[in-house]
Amino acid sequence: MLDRPLAPPPVEVIVAVTQALHREARLLDNEDLDGWLAMLGKDVSYRLELKSRRFRADRSPPFPLGPGVIFNEDLGRLKMRVDRLKSGFVWAEDPPNYIRRAVSNVEVLATRADNEVRVHSVLGMHRNRIDGTTRLLTAGRTDLWRSEGSAWLLAAREIVLDHSVLPDSNLNAFF
Amino acid sequence: MNDNIADLVDSRTGRQSRSIYASEDIYRQELERIFGRCWLFLVHTSQIPKPGDYFRTFMGEDDVIVIRQKDGSIKAFLNSCTHRGNRICRADRGNARAFTCNYHGWSFSPDGALAGVPLESEAYFGELDRTKFGLIPVTKVAEYKGLVFGCWDANSPSLDDYLGDAKFFLDVWLDAMPGGSALLGETQKMVLGTNWKLPVENVCGDGYHLGWAHAGAMAAVQSMDLTGLSVGNSGVDLDGGLSVAGMNGHMVLSALDGVSGYAFYPDPKPILEYLEANRQTVIDRLGEVRGRQVWGAQVNITIFPNLQLLPGLNWFRVYHPKGPTQIEQWTWAMAENDMPEAVKAQILENQCLTFGLAGLFDNDDGDNLTACTEQSRGWRTAQMDVYTNMALGRSGKREGFPGDIASGLVSEHNQRYFYRRWQEHMMAETWAEVPTYNINSLTDEEAEHA
């Protein structure tokens, strides 16, 4: 049986979720990491898989244990990363670096669940660290956002990084 | 140039000229005398299991394809068309029946033979001798228990002799269990603005930086003691580990407790169970010293010049130089094939967490190494020296182990041997002038019963 196409979410939902994406980027830019953690669902899944560049016609099978990850985090692991950043021992972040995120190409799509939407977006992350050292990282994101009470919380995020070789010496930053 | 090289490093005092981290002339000489001469890691056999499987890597700055042949052997070639030099493979890895150049369509079979030339009879009038235009093979390719190395120098020692007594330690990963070893996952690649020697030095002997540079990560994930190394470098136990060098330029740091390799795993229990369930097997295969004390302990193994593998933390890494002040750092997770799938999965997961591209520990090192490089490029800094002069002269033989050994993981003993080896290669015109030494080598019988 074919599923009936879903009606697009109400405009208010699209606006609220888009605003949540922008707010999230601002909190991260401002290093309000506790504020960011508060935007995450308790069961959040935050993933960024490794990949390799392969010929389109390549038939070699995937690795039995998968490609490996850059991030494969639940709420506890994200808190651990935040604890490290807040420990006062992460010398690469002191003095603070100039980081600015731009969120774009936002598409908010309905799901079978009334209180959840699928969200595609693009993130550009500008990082200026140590004098003139500046990097621009771009990533695609596919999220699941869930309405809980009056807030939209991030329930899942799959990140695709657009760099086969990471052009920076660390990723002390969230996408 | 050799007089100059003699002045750049003094292994007795632990001095290095900063110019070795930034000079273009020295770098060109390194490409010839180190990367053009030494055995360089190419691939683990587990990464190209089937005929036609290939993996693209680098030897120095030379782009190389390593290919599994129909007969199961492994060949390696320059990734460069013999017609006009174009790169023939732009994929990272895969399986292929042929490699076809994008420029004019010359195609090469996996054994390197020139298999197809468009317009061969019409435009070359059938006069092209295809046998003279096969892919350029890497001069020597050899395997040690799953690790495949290549070498450009026909006069080099055999891979076996090149590795020398480092095999005593390599076997703790490669041959501890009957099933052998494997690398897991895709390649984790990062560009760093560092000279290639600085990350090698950092991991080959520098236990000193752990408690300070990685204090934030240690505070976040450390679950067990690692020879008393503590957050903020407030304490250290020099009896619990060894700095081992004097093995043809290869170096090892090893804890001796048989478990601390997993000290930076948030949940080490499943792996500790695997270790204890198989401890006797490994003792039977490798003897008491390696089976009880080294297998499972944190071990940093450096194979000169640019390969490092760390059983325990289970990361395996190669540094590809990209000019005097830049590298690509390539990392994989490493496992034993006899490990249960769940343990392998946990290793891949934890390696990515600790020493991956967003690794809690790894992300502390890059800026330090980059800055050490940048602080060697100034007019004044290029004239200055840096030092690895901790615990000078405090090394010797240790029962049951090969090598010239200093106590503890916090020492700069290994770095001095690394720079000594670097200097020996840089001063030698040919392999014949490069000294071979395996200090305090064990007899086969001693190794067996160690």
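Visitor: Across which strands of chain B does helix α13 (residues 413-427) lie?
Guide: This is a predicted model, in which local features need pLDDT of at least 70, side-chain atom pairs count only at pLDDT 80 or more, and totals for chains, interfaces and linings use all residues. Residues are numbered from 1 along each chain as its sequence is written, and chains are lettered from A and ligands numbered from 1 in the order in which they are written. Helices (H or I, at least four residues) and strands (E, at least two) are DSSP runs, numbered from the N terminus. Helix α13 of chain B runs at about 15° to β14(B) (axes are lines fitted to C-alpha atoms, for helices over the stretch in contact; angles run from 0 to 180 degrees between N-to-C directions), and contact requires C-beta atoms, placed from the backbone, within 7 Å. The strands that α13 of chain B lies across are β14, β15, β21 and β22 (401-407).

Visitor: Which strands of chain B stand at the edges of the sheet?
Guide: The open sheet of chain B has nine strands with antiparallel pairing, in the order β13-β19-β18-β17-β16-β15-β14-β22-β21; two strands pair if DSSP finds at least two bridges between them. Each edge strand has a single partner, so one side of each is left without a neighbour in the sheet; these strands are β13 (181-192) and β21 (395-398) of chain B.

Visitor: How many bridges join β14 (residues 241-247) to β15 (residues 250-255) of chain B?
Guide: The two strands of chain B, β14 and β15, run antiparallel. One residue pair is B:Leu242 with its bridge partner B:Ser254 in β15(B). The number of bridges joining β14 to β15 of chain B is five.

Note on methods. Contact = placed C-beta atoms within 7 Å.
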